[in-house]
Amino acid sequence: MAIEKKEAKKELIKPQDLTICESTQEMLAKARKDGVEISFDRAVAMKACPIGAKSACCKHCFMGPCRLNANDPYGKVGVCGATIDTIQSRNFGRMVATGSAAHTDHGMEMVKLFRNVVEGRIKDYEIKDTEKLFEVAEELGIATKDREVTAIARDLANELEKTYTQVEGELPFIKRAPKATQETWRKAGVVPRGAMREIMEMMHRTHMGMDQDYENIIKQISRTALSDGWGGSMVSTEISDILFGTPKPVQAEVNMGVLKEDQVNIIVHGHEPNMFDSMLASVSDPKLIAAAKAAGAKGINLVGMCCSGLEMLSRHGVPHAGNFMSTEAVLVTGAVDAMAVDVQCIKQGLGKVAECYGTRLFTTNPRAHIEGVTHIEFEEDDPRDCTDLVVEMAIKRFAGRDVPVQIPKQKNIGVHGFSHEYINYMLGGTFRGSYTPLNENIINGRIRGVAGVVGCTNPRVKQDWVHVELVKELIKNDVLVVQTGCSQVSLAKAGLLTPEAAALAGPGLREVCEAVGMPPVLGLGACVDNSRILIACSEMVKAGGLGESIADLPVAGAAPEYMSEKAIAIGQYFVASGVYTIFGVTFPIVEGTKFHELMFKRLEEQGMGKWGFTPDPYEMARLMIDHINKKRAALGLDKGRERVLVDMAARRAVEA
Ligand code: SF4
Ligand code: MSK
């Protein structure tokens, strides 16, 4: 379809001021030339509402909506008398409920798929990691000795389903947390029951005329978030590993240069690994490859984006074209023959951009249609029906490509796929697999601490810049960084997911990275895989020497360019688990209010973590490092004890 020219916009911000991703800059400039609008320019045109940004408004009933004054938060109350603290804690609770619902619904689908595979109703998938199935089952007290895999898997499905449905009692994975962390939760009354129960109660409690005490609302906020982190998300990750394989380090390419002009290019974007897995089977089908060749293509090039892209990047090394803020830009290349999307973070704007460049865009999930976009339902009992059709449509579009193709040349190789299990033997060796070597290196001061840098990209800040500058500062100060989600892609594009990036690290971290041959920045996968970071934290506590609870660890977290409610839920489950967690962009709580003081200070006094906020990456790094230093001092590690570094030679000697 011919590209409609729009009237040139006045005072457009230069692409290099909106993103540091060179391929996205190139495509943004091209889109403007072509008269196509993408979200960078829409964000400039749509001024963010300052009252909404601070969460100082309420539309929970029709006596309102009510707007309070963020500059004078106690100056007035809503029509019902609701105070600023009630209004913003209720709003925060609903964000956590929505974000948790997204992860838990995703996880529940994974359990349903798992059960159907185990019961033999779905034949296109199978259990790929039996070892992990056994490990998780044993951890939950399910007998494995002399039992059929199917019987164990059935018991595991029943047990894990409770994560979502149980009305009373603690979630199965709560026992994974260190004892002291569990005790903190019990004391605060925030141990979650089933996720459905918690999300329902969160919605009920935030209805007009319900819970109007922010000190009480926070309990349900934490409980709901924990039912995501230690529940919905964690189960999703574990089941995905069992069904699709636990990631191991794999070298893979990231950035728009992974598109190929002479091939049929297909992008899968979204969050669930199942449709992508079937798409991989479709593009490997000799019949479809032959059809692509008959259409004049050299082959079929399957590429991922966003978090489903990370699921496949981590497990199979499938190339990745970019993160959230590049999903419209990539279509501007004209090289994408089809894009299939499933759930979460799919911009409605994709429909218009795809239409402009002739890309065949398909929604595939019954929960996520887009008006005007063709829907091909993905059915797990016949998955190839959908994915083969997408490939056929892509081949057709390739044969009739009628827009100029311009593919940015940037392509970055990095190492991805560091599961929490792999971190075990990466540092400890096959026979010494444990977090002890990591702890030793933290205790001896070579590694100052660990930071999780995760989350989205957001057009309200320069794409990738905050992530990259923050991580560079952290590794320079000997902080080992673990990553998930779009942030991982930002750093991969900046070349920091390579062992060579150790050259940018401080002397201690560099020494460890060089001894083990690992990058200073470890990519753990999709945003749902933040649960891997929780497990890694628990393993660090278990390995000893770093305190009794997650709150004692010299760790910190950040989502510097977040945009989604899922990120708020993730942030809250990290805070409730004991981690100081800093967000960038803007923060939806008014400074100087009682609720702000609770979230940014008093939760820590209850043995949990706390929130932090700054849009500045250098300030963020400073706050995280100060916190890590504070935790080191509390553990008595500020004296810089020396221990023997476990290098490759030592590991080989142990394993020989
Ligand atoms: Fe206004 Fe209260 Fe209704 Fe909210 S619940 S809209 S503050 S009257
Ligand atoms: S895709 S939630 S933009 S990380 Fe998971 Fe990226 Fe954030 Fe979506």
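## Strand β5 and its partner

Start with β5, which is covered on both faces: Ile 300, Leu 302 and Gly 304 sit on one side, Asn 301, Val 303 and Met 305 on the other, and all are buried. That pattern fits a general point: side chains in a regular strand alternate between the two faces of the sheet. This is a predicted model, by the way.

Counted along residues 300–305, six of the six residues in β5 are buried. Its neighbour β4 (residues 264–270) runs parallel to β5, and six bridges join the two. If you want one pair to click on, Val 264 has Ile 300 as its bridge partner in β5.

## Helix α13

Next up is α13 (306–316). Ten of its eleven residues are buried. The buried set holds Cys 306, Cys 307, Ser 308, Gly 309, Leu 310, Glu 311, Met 312, Leu 313, Ser 314 and Arg 315. After the helix comes Gly 317, with a positive phi near 70 degrees.

## Around ligand 2

Ligand 2 takes up the space of the largest cavity. Two elements, α13 and α19 (485–493), each give two or more residues to its shell. There are 13 residues around ligand 2, and those that come nearest are His 271, Cys 307, Cys 345, Cys 456 and Cys 486. Cys 307 is also one of the buried residues of α13.

By type, the shell of ligand 2 splits into eight nonpolar residues, four polar and one charged. Domain 2 (250–399) and domain 3 (417–653) each supply at least three residues to this shell.

## Around ligand 1

Which cavity does the space taken by ligand 1 correspond to? The second largest one. Its surroundings are Cys 58, His 60, Cys 61, Met 63, Gly 64, Cys 66, Gly 78, Val 79, Cys 80, Ala 82, Arg 90 and Met 208. Sorted by type, that shell gives eight nonpolar residues, three polar and one charged.

## Strand β13 and its two neighbours

Strand β13 (residues 555–559) is largely enclosed by the rest of the structure, because five of its five residues are buried. Val 555, Gly 557 and Ala 559 point one way, Ala 556 and Ala 558 the other, and all are buried.

β13 pairs with two strands. Four bridges join β10 (residues 449–453) to β13, running parallel, with Gly 452 opposite Gly 557. The pairing of β13 with β14 (residues 580–583) is also parallel, over four bridges, and there Ala 556 stands opposite Tyr 580.

Technical notes
Residues numbered from 1 in each chain as written. Chains lettered and ligands numbered in written order. Predicted model: local features only at pLDDT ≥ 70, side-chain atom pairs only at ≥ 80, totals over all residues. Heavy atoms only, no water. Near = heavy atom within 4 Å. 1 Å grid on protein atoms, 1.4 Å probe; cavity = no way out; pocket = protein on both sides within 12 Å on 5 of 7 lines; lining within 4 Å. Sits in = over half its atoms within 2 Å of the grid points. Nonpolar A, V, L, I, M, F, W, Y, C, P; charged D, E, K, R; others polar. Domains from an automatic or database assignment. Buried < 20%, exposed > 50% of the residue type's maximum accessible area, 1.4 Å probe, protein only. Pairing = 2+ DSSP bridges.
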